[in-house]
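Student: I am new to this structure and should like a close look at one part of it. Please begin with the pockets and then set them among the elements that surround them.

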Amino acid sequence: YEPTTVATRGLDDHLRDQIRLLDLSDRDELLADEFIGNINEDGYLAASLEEILTGINEVIAKASEESEDEREAPLFTMADTERMLCVIQSLDPPGIGARTLHECLLLQLKDSGLVGTLSETLVRDHFQELIAHRWVDIGKKLGVPPADVQTAADAIAKLTPKPGRAHSEGSDNY
């Protein structure tokens, strides 16, 4: 038997497939592709919005210079970049495109329909105490029993801290 190499599809392919299904202009797809290129294997955005904006505008400026067309292509604004961040963060897997673990968990809670719950309050307002497992302290601050805080924390513990790993290109060599 000969070992055969199987082509695998990574996180970036998974995200690009979803972008193609959205009703985006070619210009917006270009910006989305810039975002996807800046998402690491864990699923986090590895560049700041300013760096993404600068990078994509440099690509547009260079393409305009090389083009024989007299008109200059319009550059992206920070508002365009922020809007595209929301689009990217709405893709599957939940939590993708987050900049921090805090943001990743909030995105996953939103996707799970847990907005307005104790779990969201813990992540949003008491994140450091949550990490330190200070259920009693959080319960006193919120006026809820520590058992309820622990139940909410257990729900948070079921979330994925590295959402991109599900589509990692790493092969399993046994």
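Tutor: The answer below goes from the pockets to the packing of the helices and ends with two points in the loops.

This is a predicted model, in which local features need pLDDT of at least 70 and side-chain atom pairs count only at pLDDT 80 or more, while totals for chains, interfaces and linings use all residues. Residues are numbered from 1 along each chain as its sequence is written, and side-chain values use heavy atoms, with hydrogens and water left out.

Rolling a probe the size of a water molecule over the atoms shows where empty space is left. Here a pocket is an open set of points on a 1 Å grid over the protein atoms alone, where a 1.4 Å probe fits and protein lies on both sides within 12 Å along at least five of seven lines; lining residues have an atom within 4 Å of a point. A volume is the space filled by probe spheres set on the points, which are joined across faces, edges and corners.

The largest pocket has a volume of about 230 Å³. Its lining consists of 13 residues, and Leu105, Leu130, Ala153, Ile156 and Ala157 lie nearest the centre. Helix 5 (101-111), helix 7 (127-131) and helix 9 (146-157) each supply at least two of the lining residues; helices are DSSP runs of H or I with at least four residues, numbered from the N terminus. Helix 9 gives the most, with four residues. The lining has eleven nonpolar residues, one polar and one charged, where Ala, Val, Leu, Ile, Met, Phe, Trp, Tyr, Cys and Pro count as nonpolar, Asp, Glu, Lys and Arg as charged, and the others, Gly among them, as polar.

Helix 9 also packs against helix 6 (residues 118-125): their axes come within 8 Å and cross at roughly 80 degrees. Axes are lines fitted to C-alpha atoms over the stretch in contact, and angles run from 0 to 180 degrees between N-to-C directions. Helix 6 is therefore roughly perpendicular to helix 9, a term for angles of 65 to 115 degrees; under 35 is roughly parallel, over 145 roughly antiparallel and the rest oblique. In this contact (heavy atoms within 4.5 Å), Leu118, Ser119, Leu122 and Val123 of helix 6 meet residues of helix 9 including Ala153 and Ile156. The contact has eight nonpolar, one polar and one charged residues.

The second largest pocket holds about 200 Å³ of space. Among the residues that line it are Leu85, Gln89, Leu107 and Lys110. Helix 4 (78-89) and helix 5 are the elements that give two or more residues to this lining, which divides into five nonpolar, three polar and two charged residues.

Helix 4 in turn packs against helix 2 (residues 26-37) at an angle of about 70 degrees, with the axes 10 Å apart. Helix 2 is therefore roughly perpendicular to helix 4. The residues in contact include Leu31 and Phe35 of helix 2 and Met84 and Leu85 of helix 4.

Two points in the loops complete the account. Pro93 is placed in the loop between helix 4 and helix 5, and the peptide bond from Asp92 to Pro93 is cis, with omega near 5 degrees. His133, in the loop between helix 7 and helix 8 (135-142), has a positive phi of about 60 degrees although it is not a glycine.
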